[in-house]
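Work through the exercises below with the sequence and the model open. Try each task before reading its solution.

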Amino acid sequence: MNSEPKQAPHKPEDEKFSGAFRDAVNRVRAEGRYRIFRDIRRHRGKFPLATWYKDDLSEQKITVWCSNDYMGMGQNPCIVDAVKQAVDAVGTGSGGTRNISGTTHYHVQLEAELAELHAKDAALVMTSGYVANEATLGVMSKILPGLIIYSDEMNHASMISGISRARCEKRIFKHNDLADLERLLRQADPAAPKLIAFESVYSMDADIAPIEQICDLADKYNALTYIDEVHAVGMYGAQGGGVCEARGLTDRVDIIQGTLAKAYGMIGGYIAARENIIDAVRSLASGFIFTTSIPPSTAAGALRSVRYLKVAPELREQHQERANTLKSRFRDAGYNFIDGDTHIVPLMVGDPVKCQAISDRLIEGFGIYAQPINFPTVPRGTERLRFTPSPVHTDAMMDELMDALAVVWAEFEMG
């Protein structure tokens, strides 16, 4: 006879530290920045049209205005076919880390293609742009003892995480402020190794770094340069090599970091640099060494996408035209938006609760999906809706958007 005592029914309140987890979420909710994940399904060949699953019983057709699939390559038949062919040829997963059976011929080809794109000796593909930043910046102090990293105050969270992992001295300079950067560089020991980390296109403020002038300072103070081009690769430059290529500055930047998850419509991140830099990162960065490599089908799709966009300047032209058209329409309507030089169009709201409510009203009432962007992605008080028009957003879609905004802006008394 089993004499073990019966366990009491499990109650949620009995979970360890349940109150702490609940309170943490409640604090986020109270600030109006609790993030809602929209359950959507894209339709190949019809993007930016999609289906929104509101709940288990209802769904709604929507137009997506906030995707990072900037060029619509996630539905390009050529790219889809490359992925299918690779799955048919070799199966799904890579089977291991890059060191243990996870380096397929697709990975090798992709890295060669990315190195050529950025006119560098070599490239190294990782599982995401976040990992590429965190792993590379995080290992730099191991390679360069006594390193000082200079970081733009608006750098992405992945760069900040990597710099924190480096456990070396760091200096934060004001956003795109060359005088402040030089002031900090001048204060340091001239013999100390230095690295300046910054982005080309800042995705939330739609501005571009003064890359050439930063490189001038790097030369003057003997610093390495590290640029995040994730919101620029595929979209700027003759071949899609980013803002560095567009401005003829590729050779002046030591490490270029990019993503395969935005313009290229896949997933993954990478760095491109001199051979000795790539070799050191791949040999020492734990975020690369101990992570299973991207699937060969993903590498195959990314390879095809990079090659495709290298010879498709018309897509880049269409992309810029669509962005400029939307900005022109916002300008004519008198909306408060960041009128920058990039393809990103942030429409300012300035209140987290109202920003979420406006987003809800747009999708529920008009089938327009624009995700609210709140703290910590942007500073408090600068909450916004971030629009990313693509080559496949039509004039008719823009008409629908402008009509919806006119109604909703009046409803919320946005002025």
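**Exercise 1. An arginine in a helix**

Which residues does R322 touch, not counting residues up to four places away in sequence?

Solution. The model is a predicted one.
- Step 1: Locate the residue. R322 is found in helix α12, which covers residues 313-333.
- Step 2: List the contacts, with heavy atoms within 4.5 Å as the cut-off. R322 touches P389, S390, P391, H393, T394, D395 and M398.
- Step 3: Check the exposure. R322 has 9% relative accessibility, so R322 counts as buried.

**Exercise 2. Cysteines and disulfides**

Task: Find how many disulfides the whole structure holds, then examine C168 and C355.

Solution.
- Step 1: Set the cut-off. A disulfide needs two cysteine sulfur atoms within 2.5 Å.
- Step 2: Search the whole structure. The result is zero disulfides.
- Step 3: Take C168. The closest cysteine sulfur belongs to C215 and is 20 Å away, which is too far for a bond.
- Step 4: Take C355. Here the closest cysteine sulfur is that of C66, and the 11 Å between them is too far for a bond.
- Step 5: Add the exposure of both residues. C168 has a relative accessible area of 18% and is therefore buried. C355 is also buried, at 0% relative accessibility.

**Exercise 3. Cis peptide bonds**

Task: Describe the peptide bonds from F47 to P48 and between F375 and P376, and place each proline.

Solution.
- Step 1: Read omega for the bond from F47 to P48. Omega is near 20°, and the bond is cis.
- Step 2: Place P48. This proline lies in the loop between β1 (40-42) and β2 (49-53).
- Step 3: Read omega for the bond that joins F375 and P376. Omega is about 10°, and this bond is cis as well.
- Step 4: Place P376. This proline is in the loop that runs between β15 (372-373) and β16 (384-387).

**Exercise 4. Positive phi without glycine**

Task: For S101 and A119, give phi, the location and the exposure.

Solution.
- Step 1: Read phi. S101 is not a glycine, yet its phi is positive, near 70°. A119, not a glycine either, has a positive phi of about 55°.
- Step 2: Locate the residues. S101 is in the loop between α2 (77-90) and α3 (105-117). A119 is in the loop between α3 and β4 (122-126).
- Step 3: Apply the cut-off for exposed, over 50% relative accessible area. S101 has 55%, so S101 is exposed. A119 has 63%, so A119 is exposed.

**Exercise 5. The whole protein**

Task: Compare the radius of gyration of the protein with that of a compact globule, then describe the chain as a whole.

Solution.
- Step 1: Compare the radii. A compact globule of 415 residues would have a radius of gyration near 22 Å; the protein has 23 Å, which agrees.
- Step 2: Give the box. Along the principal axes, the C-alpha atoms fill roughly 80 × 60 × 50 Å.
- Step 3: Count the elements. There are 14 helices and 16 strands.
- Step 4: State the burial. Of the 415 residues, 53% count as buried.
- Step 5: Look at the contacts with a separation of 6 or more. Residues 24 or more positions apart account for 71% of them.
- Step 6: Describe the surface. The protein exposes about 19300 Å², and carbon and sulfur atoms supply 52% of that area.
- Step 7: Count the charges. There are 46 positive and 54 negative side chains, and the centres of the two sets are 4 Å apart.

Notes:
Residues are numbered from 1 along each chain as its sequence is written. Side-chain values use heavy atoms; hydrogens and water are left out. Helices (H or I, at least four residues) and strands (E, at least two) are DSSP runs, numbered from the N terminus. The radius of gyration is taken over C-alpha atoms; the globule rule is 2.2 Å times the number of residues to the power 0.38. Buried means under 20% relative accessible area, exposed over 50%, partly exposed in between (1.4 Å probe, protein chains only). Accessible areas come from the Shrake-Rupley method with a 1.4 Å probe; for residues, only the protein chains shown count as cover. Lys and Arg count as positive and Asp and Glu as negative; His and the chain ends are not counted. The place of a charge is taken as NZ of Lys, CZ of Arg, CG of Asp or CD of Glu.
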